[in-house]
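Here is an informal walk through a two-chain model, meant for reading with the structure open beside you. Let's start with the surface and work inwards from there.

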Amino acid sequence: MNSRDELKRYAIHVLLILLGLIAIVPIYLLLINATRTTEQINGRIQIVPGKDAFAGSTSIVTANWDSVEFPFESGTVRYMDLNKGRTLKEEVNKKTGVNEKIVVKAITDSFSPRLTIFDDEDHPMANFNLKNNTVIFVNDGQTVKKGDNLAKLVDPPNVIYNWRVLTGRGFQIWQGFGNSAFVAICATVLSIYFSAMTAYGLQVYKFRGRLLLWTVILIVIMLPATLSIIGFFQFISRIKLRDSYIPLIIPGIAAAGTVLFLRQYMTSVLSTDLIDAARIDGANEYHIFNVIILPIMVPALAAQSIFTFVGSWNSFITPSILLSSEKKYTLPLLVQSLRGNIYRAEYGAIYLGIAISLLPIIIFYSFMSRFIISGLTMGGLKE
Amino acid sequence: MSEDIIGQETKTQPGEKRENISLINEDKKLNRRKIGHEAKTNRWGYFFVAPFIIIFCIFNLWPTLYTFILSFSDLQGLKTDFKFVGFENYFKLLKDPYFWGALGNTFIIWGFNFVPQLGLALVLSIWLSDIRLNLTGKGLFRAVVYMPNLLTAVSVALLFRSIFGYNAHVNAPANQFLRALGFQATKIDPITGETVKQAFEFFRSVAFSRGLVAFIQWWMWYGYTMIILMAGITTIPISLYESASIDGASSSQTTRYITLPLLRPIMLYILVTSMIGGMQMFDIPFQLTDMLGAPQYKIRTTTVYQYNIALGRGSTNYSYGAAISVGIFIVTIILALIIFFFLQDRSELKKNKGGAT
């Protein structure tokens with residue numbers, strides 16, 4: 001190999017590593033931020049320029065606004081409402097009269113720090129734009145020590161805190177998992193079994209109309225799925241099956257893509273001799289399918305099961321238009337609820353919620369990647 | 001000849017025609033010899049395909065027809081009865097600038113996703129299949145770049161939304177990273193008049209938001225495309241490359257005259273399926289910003305528009321939504337036909353030219 005080829009090889013490796021990083025970095029950011037507090041996610045900012053001691057800490061705890069303790073050695077601390085030219089302290093006192101129950105949350109952006117004051121029920125009362133050298137207070141009744149906010153790779157207390165925020169505000173994670181798993185498993189089992197039946201019927205029996213059926217299957221694969229969505233929604237509403245799992249599970253029985261995949265696999269593994277031998281033994285046709293054919297099909301069934309399961313697990317638009325009671329929410333709908341006002345400014349919890357929704361797939365994939373990738377092309381490729 | 005090889009072995013596409021022909025032949029045979037027993041056995045076929053047909057008719061065929069029917073009606077809101085209004089919804093659709101705008105958004109986003117997707121996947125699949133290059137870690141690379149394809153799109157959209165920051169969350173990871181590199185946006189403070197450095201508000205930029213949707217789609221799909229193309233390359237007989245190299249062909253020449261022409265049917269398949277998928281792009285553009293296609297409705301794809309018209313919060317214009325469905329369908333068909341006619345002919349030409357070499 002000459003040096004030019006060597007150089008090319010080197011350059012390609014660099015590109016591959018770069019692309020691999022692009023695939024991983026978002027996931028890395030997700031996991032790392034799920035283990036951080038909102039303050040850390042917002043940045044380890046230096047609140048008072050030149051005073052590094054405070055880097056990373058955005059919350060100072062005061063029991064009472066009148067006795068604020070500044071953990072600075074020196075430096076000026078101003079906290080002004082620049083919009084109105086008054087001190088923040090006055091503003092706070094005016095709004096409440098008493099100053100104990102008030103919660104001040106920092107939108108800790110060092111570029112244009114803002115301060116939001118929330119009342120007991122977490123409704124924002126006032127917004128302030130603050131200049132860079134402003135200390136922002138969080139009066140949440142807990143004491144935060146210096147250095148507490150330095151981000152660690154895995155910080156169990158933060159994860160627990162985020163978990164509590166997440167689950168304490170209606171993110172019914174186990175319920176979501178249960179619902180998604182139930183729907184996806186039912187849909188997958190039905191889809192795989194009946195698609196295998198259909199594929200077998202098309203492959204082995206020469207009945208009238210099978211050419212038509214095969215053509216329909218090929219056309220359906222090419223049809224955009226959203227074509228029928230309005231009709232589907234109206235039809236399901238009319239037969240009073242909204243907010244039920246039936247319309248999410250049963251249509252899987254007619255999965256054209258799965259039939260195509262399985263039939264293509266059958267073409268390569270199925271021999272008529274085998275079926276004939278079983279027939280001579282007097283086996284019933286349905287029995288032959290269940291006892292002889294299905295075991296042969298296991299590799300293809302397993303591969304297709306994964307794709308069907310993942311498709312159902314990830315599906316969003318159909319459950320989102322049909323399911324209305326939160327108890328029945330599948331995981332993607334639950335994840336969507338993270339956008340809601342209730343999680344406003346709780347970025348740690350939001351990241352954790354997203355991470356929890358993705359982790360099962362990532363973990364499963366990391367063990368099964370070889371099989372899944374080979375399954376992608378199993379239907380049509382000679383091994 | 002060469003096309004046959006691929007047609008036989010790729011996942012779904014090129015074999016279909018052959019399949020149909022072979023089925024027709026078999027059916028003809030069937031008519032000729034109707035041995036009683038065999039005909040009886042063949043009736044079992046109906047038993048095996050019956051569940052599919054029943055469920056297909058109820059949950060697939062009827063909703064599709066019903067969508068067509070509703071597109072000629074005035075159904076909206078909570079009422080269940082409707083009357084037919086002819087082509088009114090379609091006239092409205094033709095004159096609806098938002099629909100055409102959404103179509104334009106969809107094309108732009110899809111194009112910026114597809115061109116790099118196919119291009120990169122093609123280059124990578126050729127490199128990874130190249131024995132002479134003998135790259136290390138191929139399996140790991142393939143596994144890593146395919147992974148995003150399996151992730152929940154809603155979660156992915158929310159993840160990117162969080163990374164780039166939305167509303168007050170402007171100091172999100174992306175901005176921290178840029179600031180560490182020394183990039184900041186500047187803004188003039190309305191009170192003091194000084195120039196203040198601040199975080200980028202990414203989702204206020206149309207170009208950025210569209211680019212991000214295209215990027216996420218690319219991120220999720222190029223690994224898949226690459227694997228399909230690699231599978232296609234493995235079906236090309238090695239003897240072709242061997243004889244070419246005996247004739248003194250360089251690796252760029254074998255790529256150009258063997259790999260690319262033989263991959264053409266698969267690329268056509270990828271193009272068509274990606275286009276159909278792209279026309280239905282929903283989860284990412286819907287979840288990335290405000291569910292309406294902000295900024296300035298510029299990432300509102302056709303499906304997002306349809307959802308917001310018919311199924312969104314408080315908006316229940318089903319009949320018009322159905323017309324949008326049909327509109328999307330018609331555009332998809334036209335595009336598919338254009339692709340087939342345009343690229344099929346050219347591939348025929350290429351093949352004839354290639355015949356000489």
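Accessible areas here come from the Shrake-Rupley method with a 1.4 Å probe. By that yardstick, chain A exposes about 17,500 Å², and carbon and sulfur atoms supply 60% of it. Keep in mind that this is a predicted model.

**Chain A in outline**

Chain A is built with 14 helices and five strands. It has 383 residues, and 51% of them count as buried. How do its contacts spread along the sequence? Taking contacts in chain A between residues at least 6 apart, 71% join residues at least 24 apart.

Lys327(A) gives you one such long-range case to look at. You'll find Lys327(A) in the loop between α12 (317–322) and α13 (331–336) of chain A. Lys327(A) and Gln175(A) sit 152 residues apart in sequence, yet their C-alpha atoms are 7.3 Å apart in space. Beyond its neighbours within four places in sequence, Lys327(A) is in contact with Gln175(A), Asn179(A) and Tyr245(A). Is Lys327(A) buried or exposed? Its relative accessibility is 63%, so Lys327(A) counts as exposed, the cut-off being over 50%.

**A nonpolar patch on the outside**

Now turn to the surface of chain A, where Leu31(A), Leu359(A), Ile363(A) and Phe367(A) make a nonpolar patch of about 390 Å². Which element gives this patch its largest share? That would be helix α14 (residues 347–376) of chain A, with three residues. Leu359(A) is found in helix α14 of chain A. With a relative accessible area of 30%, Leu359(A) is classed as partly exposed, because that value falls between the 20% and 50% limits.

**Where the chains meet**

The contact between the chains draws 113 residues from chain A and 115 residues from chain B. The size of an interface is often given as the accessible area lost when the parts come together. Here, chain A and chain B bury about 10,200 Å² between them, with 71% of it on carbon and sulfur atoms. How many salt bridges are there between chain A and chain B? The count is zero.

**The core**

The largest nonpolar core has 186 residues. Those with the most contacts inside it come from both chains: Tyr200(A) and Leu338(A), along with Tyr146(B), Leu151(B), Trp219(B), Leu229(B) and Leu311(B). Zoom in on Leu311(B) and you'll see that it reaches across to chain A, touching Ile229(A), Ile230(A), Phe233(A) and Ile321(A). Within chain B, Leu311(B) also touches Gln306(B) and Tyr318(B), with residues up to four places away in sequence left out of the count.

**A loop with unusual backbone angles**

Last stop: the loop between α12 (283–288) and α13 (302–311) of chain B, which is the place of Pro295(B). The peptide bond from Ala294(B) to Pro295(B) is cis, with omega near 0°. Met291(B) lies in this loop too, and so does Gln296(B). Both have a positive phi without being glycine.

| Residue | Phi | Relative accessibility |
|---|---|---|
| Met291(B) | about 70° | 10% |
| Gln296(B) | near 50° | 57% |

On accessibility, Met291(B) is under the 20% limit and therefore counts as buried. Gln296(B) is over the 50% limit, so it is exposed.

Conventions. Residues are numbered from 1 along each chain as its sequence is written. Chains are lettered from A and ligands numbered from 1 in the order in which they are written. This is a predicted model: local features need pLDDT of at least 70, side-chain atom pairs count only at pLDDT 80 or more; totals for chains, interfaces and linings use all residues. Side-chain values use heavy atoms; hydrogens and water are left out. A nonpolar core is a set of buried Ala, Val, Leu, Ile, Met, Phe, Trp, Tyr and Cys residues joined through side-chain atoms within 4.5 Å. Buried means under 20% relative accessible area, exposed over 50%, partly exposed in between (1.4 Å probe, protein chains only). Contact means heavy atoms within 4.5 Å. Patches are made of residues with over 30% relative accessible area and no salt bridge: like charges are joined within 9 Å, nonpolar side chains (Val, Leu, Ile, Met, Phe, Trp, Tyr) within 5 Å. A salt bridge is a side-chain nitrogen of Lys or Arg within 4 Å of a carboxyl oxygen of Asp or Glu. Helices (H or I, at least four residues) and strands (E, at least two) are DSSP runs, numbered from the N terminus. Buried area is the accessible area (1.4 Å probe) that two parts lose on being put together, summed over both.
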